[in-house]
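Student: Hi! I have a protein open on my screen and I'm not sure where to start. Can you walk me through it?

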Amino acid sequence: MVAINPKKNLHFGENPPEINLNSNLKRWFSRNIGLWKSNRTYFLDEAQKTYNLSMNINIQALESKSEWESHYKFTWYPEKKYNFFDENPQYKERGEMHAFLKGHQLKRENFYLSNDEGISNIKQVDEHEMIFESSYKDWHILEHTRLVDSDNYRFRVIYSWNKDMLKIVENHHEIKIIK
């Protein structure tokens, strides 16, 4: 067996090598840029109902003053009119969210179920999957997003707890329409 660093030298000079998680996140987010058709299934605990609907999501990269912060704009709107939004007014039928990466966090201007700004902590599973964990008001959200088949598909599963009770489970199968 050969020791990789037998002298245990941890000083690398003026420019130490770094594994920059932010660069991995930037690369992963850039793979998500484009227009997506999002086929969704919502399981709502209180109503004991399941809904299926199709949404469009457009993810854009925005100019940033700082090269270390990547800014994004997310817009969403339904493919057609759904009763889901009348029956569940806490969901926004259409909207826009601005967010930017800072370290291992996504800082959001607002959340989908709230106009509150906040932070999503990001964990990288592998080069294709990220986990976003967010909390605001009485909500705790856990979202897994995986890119599949050369980034032409995404699969997202989202669990939402309100006051420590699981209230919403979402499955999104998404197809990239425009890169």
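Student: What do the strands form, and in which order do they run?

Tutor: In this predicted model, 10 strands make a closed barrel, in the order E1-E2-E3-E4-E5-E6-E7-E8-E9-E10, and the pairing is antiparallel. From one strand to the next, the twist averages 25°.

Student: What holds paired strands together in general?

Tutor: Strands of a sheet pair through backbone hydrogen bonds, and the pairing can be parallel or antiparallel.

Student: OK, let's pick E7. Is it mostly covered or mostly open?

Tutor: Strand E7, residues 129–136, is mostly covered, with six of its eight residues buried.

Student: How many bridges join E6 to E7?

Tutor: Six bridges join E7 to strand E6, which spans residues 118–126, and the two run antiparallel. To see the pairing on your screen, find Ile122, which stands opposite Phe132 in E7.

Student: And how many residues lie between E6 and E7?

Tutor: Two residues lie between them, and the two strands form a hairpin.

Student: What about the E8 side, how many bridges are there?

Tutor: E7 and strand E8 (residues 139–148) are joined by eight bridges, again in an antiparallel arrangement. One pair to look for is Ile131 with its bridge partner in E8, His144.

Student: Which residue in the hairpin of E7 and E8 takes a positive phi?

Tutor: That is Lys137, with a phi near 45°, in a hairpin that has two residues between the strands.

Student: Let me jump to E4 and E5. How many bridges do they pair over?

Tutor: Strand E4 (residues 95–102) pairs with strand E5 (residues 105–108) over four bridges, in the antiparallel sense. There, Lys102 stands opposite Gln105 in E5.

Student: New topic: how many cavities of 30 Å³ or more are there?

Tutor: The count comes to two. The second largest has a volume of about 190 Å³.

Student: Which residues are closest to the centre of that second largest cavity?

Tutor: Of the 15 residues in its lining, the closest to the centre are Phe74, Phe132, Glu143, Arg154 and Arg156. You have already seen Phe132, in E7 opposite Ile122.

Student: Which elements supply at least two residues of that lining?

Tutor: Helix H1 (21–30), strand E2 (49–62), E5, E8 and strand E9 (153–162) each do.

Student: And what classes of residue line the second largest cavity?

Tutor: The lining has nine nonpolar, two polar and four charged residues.

Technical notes
Residues numbered from 1 in each chain as written. Predicted model: local features only at pLDDT ≥ 70, side-chain atom pairs only at ≥ 80, totals over all residues. Heavy atoms only, no water. Buried < 20%, exposed > 50% of the residue type's maximum accessible area, 1.4 Å probe, protein only. Pairing = 2+ DSSP bridges. Axes fitted to C-alpha atoms, helices over the stretch in contact; angles between N-to-C directions. 1 Å grid on protein atoms, 1.4 Å probe; cavity = no way out; pocket = protein on both sides within 12 Å on 5 of 7 lines; lining within 4 Å. Points joined across faces, edges and corners; volume = space filled by probe spheres on them. Nonpolar A, V, L, I, M, F, W, Y, C, P; charged D, E, K, R; others polar.
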